[in-house]
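Trainee: I would like to check how the labels on this model follow from their definitions. Let us start with the pockets and then take the sheet.

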Amino acid sequence: MPRSPLRLGVVGAGRFATFLTEAVADLSDVTVHVVTDQDPEAAQVLAKGYVARVAGSWQEMLDDPTVDVVVVATPPASHAEIAREALWCGKHVFCEKPLATTTADLDALVVAATASDRVLMVDHVLRYNPLLAAVARLQAELLGTPQRFLFENDASDEDLHDAHWFWDQEASGGIFVEHGVHFFDAAAMLVGRDATSVQATVARRTTGHVDLVSAVVHHGDDVLATHTHSFTHAHRAERQLMRLDHGAAETRVEGWIPVEAVVDLWTDDAGVDLVEQLPTRGDLFDVDGFRPVPGTAATVDVRRAAGSDHARGRGRDLTVPHHARINLTLGGQPAKGAVYAESVRAAMADLVRAVRTGSTPRSGVTEAAAATRLALAATSAAGHRSTVDLSGDPS
């Protein structure tokens, strides 16, 4: 017998709430049930498309026993309070990033999530991106764990006027928290370890707004990550690059919603055999709940015996005589919107699965809290011009 869909209570009726509800509209396991926003007209517009009820406030929504899942799609400073109160009221939560904008709010939310038997999901969409899923599989089977992670983000500020809440650290948490948290999370996912320390610095425009930030993060003693974000560009001049240094291999991923990647590697006999099988491999891009996007493909170029058998790197002997280049695509830049929407849909499907089966979500409170704590530490490190230790080692 089919189960009834989970009823969503959406807090916020802005652009992201509209995008999210459209992305999950054909997911039969959920339905938009109640909408609320500080702007009643915006709430009415969003609710009308789903024949949903409008609540006067998010507090009123939490009192509604028919709401199963609270979707938090408000500006960042309110995320933690709404999510925490929703958990205490027995609701599951799907929260837009960041999870919190202060350490105190984060700690209180983690306490609520730990004490609750409800599911808390955070919209870290890169955990549901098939291109990064493919890279993670290649790391496990071929490339090895990165010894260095780099993310460079030249983002647009064309729509961010001087009075926009994005520039107000009290409202947004600052660039590391509001935006950088995605890539702190991605680094932890791909490196396979949480951060152990962070140093950071910032630059300001003439108005005093911080618009350029950079952080250096240790993931243990042997892995280094660098994260630089600038909101200083025209839309047409935006560019993003994620680079993973695996030693004998390099992965380059373009775009903050990844749609294309290139892997350049030197490898051994078993590795080159694996590479040659990639174009016909059916599971390479698999992510539960993500429907394949047209144009998704892997192509390879292999040169066997392109170098001598013996090499050395980072103090280790290597046998890597073969050279290969792997091109991964989800359909290129025209597919960016579809990939983003499918990633959000897959995240919501993950929440449904966790609610109904008790499974652990890919982007739950543990992962989101670690990324948020790192983002807050980077902000603190920049403000105090110091290193913040995250290892928990008293020595």
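Trainee: What is the volume of the second largest pocket, and which residues lie closest to its centre?

Mentor: In this predicted model, the second largest pocket holds about 370 Å³. Its lining has 18 residues, and Gln169, Val202, Arg204, Val210 and Val213 are the closest to the centre. Elements that give two or more residues to this lining are α7, α8, β8, β9 and α11.

Trainee: Why does Arg204 count as a lining residue of that pocket?

Mentor: A lining residue has an atom within 4 Å of a pocket point. Arg204 is listed in the lining, so it meets that cut-off.

Trainee: What makes two residues of the second pocket's lining charged?

Mentor: Asp, Glu, Lys and Arg count as charged. The lining has eight nonpolar, eight polar and two charged residues; Arg204 belongs to the lining and is therefore in the charged class.

Trainee: How do you know that β12 and β13 are paired?

Mentor: Pairing needs at least two bridges. Six bridges join β12 (residues 249-254) to β13 (residues 260-267), so the criterion is met, and the two run antiparallel. Within this pair, arginine 252 has valine 262 in β13 as its bridge partner.

Trainee: Why are β14 and β18 called edge strands?

Mentor: The open sheet has ten strands in the order β14-β17-β13-β12-β11-β7-β10-β9-β8-β18, with mixed pairing. β14 (296-303) and β18 (387-389) each pair on one side only, so they are the edge strands.

Definitions and conventions:
Residues are numbered from 1 along each chain as its sequence is written. This is a predicted model: local features need pLDDT of at least 70, side-chain atom pairs count only at pLDDT 80 or more; totals for chains, interfaces and linings use all residues. Side-chain values use heavy atoms; hydrogens and water are left out. Helices (H or I, at least four residues) and strands (E, at least two) are DSSP runs, numbered from the N terminus. On a 1 Å grid over the protein atoms alone, a cavity is a set of points where a 1.4 Å probe fits but cannot get out, and a pocket is an open set with protein on both sides within 12 Å along at least five of seven lines; lining residues have an atom within 4 Å of a point. Grid points are joined across faces, edges and corners, and a volume is the space filled by probe spheres set on the points.
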